[in-house]
Amino acid sequence: MLKQRIITALILAPLVIAGIFLLPFPAFVFAIAAITMVGFWEWTQFVDAKSRLGAMLVPAIALGASIFLMPTDVESLSALALSHQYMLLLGGVWWLGASMLAITYPSSSSLWSKATSLKYLFGLLTLLPFFWSILMLRAVNYAESPYHGAKLVMLVCFLVWAADTGAYFSGKRFGKRKMAPAVSPNKTIEGLVGGAVLAVMVTWGGAALMDIPFVSWGSLLVIAVLTVIASVLGDLVESMFKRASGIKDSGSILPGHGGVLDRIDSLTAALPIFALLYLWLV
C-alpha cells in the first residue's frame with residue numbers, strides 16, 4: 001500500500017502542478033468542473049439513493065446552473081462579482097456549521113442521517129464553493145500576470161500538505177487530547193497545533209518565494225491558522241459522512257489513496273476559507 005501511495009503521488013503531483021500553472025483558463029475551468037463532478041459521484045454513496053446515476057442529476061443540474069448563472073470569465077472572477085462573494089460567504093457559513101456537526105458526532109447524526117435531501121444539500125455546500133473558490137483564486141490578476149493566481153492556488157495546496165504532515169508527526173509524538181474521537185480517533189489537538197505551526201512557516205516561506213503579497217504578516221498568520229483549522233475540519237467532515245455510511249474510502253480511482261474526495265477533503269474546506277479571507281475580508 002505504501003509503495004502504491006508513493007507511485008501514485010509521484011505521478012499525480014506533477015500533473016496537478018502542471019494543470020494549475022499551464023492550463024489555459026477555459027481548460028482549467030473544465031478540469032476543475034470534471035474533478036468536482038467526480039467528487040459528486042463519490043458523494044452519491046452518502047445519500048442512500050436507489051440509483052447512483054439518478055443521484056447525479058441534482059448535483060449535475062446545480063453545477064451546470066451555477067456555471068450558467070455566474071460569470072466564469074477571468075475579469076468577473078478577479079473582480080469578485082456579487083454572486084462570487086455570496087458563494088464564498090456560503091462556503092464559510094457551511095464549514096462553520098459542518099465543523100460543529102463533526103465535533104459533536106455521533107449525537108449530531110440524528111439531525112441529518114435519515115434525511116436524504118440534507119445529504120444532497122451537504123454535498124452541494126461542500127463542492128460548489130470548492131469549485132468556485134479555486135476559479136476565483138486562479139483568476140487573480142490574470143490579465144497582468146497569468147501565473148499569479150496559480151501561485152495562490154499552489155500556496156493553499158502547500159499549506160494543506162504542510163498541515164497534514166505537521167499534524168501527523170506532532171500528533172504521533174505528542175498527541176493526547178482527541179479532537180473528535182467518534183469520527184477520527186487519531187486526530188488530536190496537539191497534532192492540530194503542530195500542523196498549524198508548520199503550515200504557517202510554509203505559508204510564510206511560500207509567499208516570500210513566490211512573491212505573493214499579504215496585507216501584513218499578521219494577516220498571513222490569521223489566514224494560515226484559520227485555513228489550517230478549516231482543512232482539518234474538512235477532513236473530519238468527510239470522515240464523518242463515510243463513517244455514517246459504513247464506507248472506508250470514497251472510491252478507488254487513485255491507487256493507494258482511495259477516491260478523489262479522500263484526496264481533496266481538506267481542500268474542499270481550505271480553499272473557500274482561504275479565498276474568503278484573502279480575497280474578500282482581509
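How are helix 9 and helix 10 oriented to each other: parallel, antiparallel, perpendicular or oblique? The views below, taken from a predicted model, begin with this pair.

**View 1. Helix 9 and helix 10 cross at an oblique angle.** The axes of helix 9 (residues 189-210) and helix 10 come within 9 Å and make an angle of roughly 135°. An angle of 135° falls outside the ranges for roughly parallel, antiparallel or perpendicular, so the two helices count as oblique. Their crossing is right-handed. On the side of helix 9, the meeting residues are Leu192, Gly195, Ala196, Ala199, Val200, Thr203, Trp204 and Ala207. Helix 10 brings Trp217, Leu220, Leu221, Ala224, Val225, Val228, Ile229 and Val232 to the contact. Sorted by class, this contact has 14 nonpolar and 2 polar residues, and no charged ones.

**View 2. Asp211 lies in the loop between helix 9 and helix 10.** Asp211 is not a glycine, yet its phi is positive, at about 55°. Its relative accessible area is 62%, and Asp211 is therefore exposed, the cut-off being over 50%.

**View 3. Helix 10 spans residues 217-245.** With 29 residues at 1.5 Å a residue, helix 10 should span 42 Å, and its end C-alpha atoms are indeed 42 Å apart. Gly246 follows helix 10 and has a positive phi, near 70°.

**View 4. Lys242 is a buried residue in helix 10.** Its relative accessibility is 10%, which is under the 20% cut-off, so Lys242 counts as buried. Beyond residues up to four places away in sequence, Lys242 touches Phe46, Ile247, Lys248, Asp249, Ser250 and Asp262.

**View 5. Helix 8 and helix 11 form another oblique pair.** The axes of helix 8 and helix 11 (residues 260-281) come within 10 Å and cross at roughly 125°. This angle places the pair in the oblique class, because it is neither 65 to 115 degrees nor over 145. Helix 8 passes helix 11 in a right-handed crossing. From helix 8, the contact takes in Leu152, Leu155, Val156, Cys157, Val160 and Asp164. The partners in helix 11 are Ser266, Leu267, Ala270, Leu271, Phe274 and Tyr278. By class there are 10 nonpolar residues, 1 polar and 1 charged in the contact of helix 8 with helix 11.

**View 6. Gly149 sits in helix 8.** At 0% relative accessibility, Gly149 counts as buried. The C-alpha atoms of Gly149 and Ala139 are separated by 5.5 Å, although these residues are 10 apart along the chain. Leaving aside neighbours within four places in sequence, Gly149 is in contact with Leu137, Arg138 and Val140.

**View 7. Asn141 is in the loop between helix 7 and helix 8 (148-174).** Asn141 has a positive phi of about 55° and is not a glycine. With a relative accessibility of 37%, which lies between the 20% and 50% cut-offs, Asn141 counts as partly exposed.

**View 8. A cis peptide bond joins Tyr105 to Pro106.** The omega of this bond is near 15°. Pro106 belongs to the loop between helix 6 (82-103) and helix 7 (116-138).

How values were computed:
Residues numbered from 1 in each chain as written. Predicted model: local features only at pLDDT ≥ 70, side-chain atom pairs only at ≥ 80, totals over all residues. Heavy atoms only, no water. Helix = DSSP H or I, 4+ residues; strand = E, 2+ residues; numbered from the N terminus. Expected span 1.5 Å × (residues − 1). Axes fitted to C-alpha atoms, helices over the stretch in contact; angles between N-to-C directions. Parallel < 35°, antiparallel > 145°, perpendicular 65-115°, else oblique. Left-handed = near helix turned anticlockwise from the far one by under 90°. Contact = heavy atoms within 4.5 Å. Nonpolar A, V, L, I, M, F, W, Y, C, P; charged D, E, K, R; others polar. Buried < 20%, exposed > 50% of the residue type's maximum accessible area, 1.4 Å probe, protein only.
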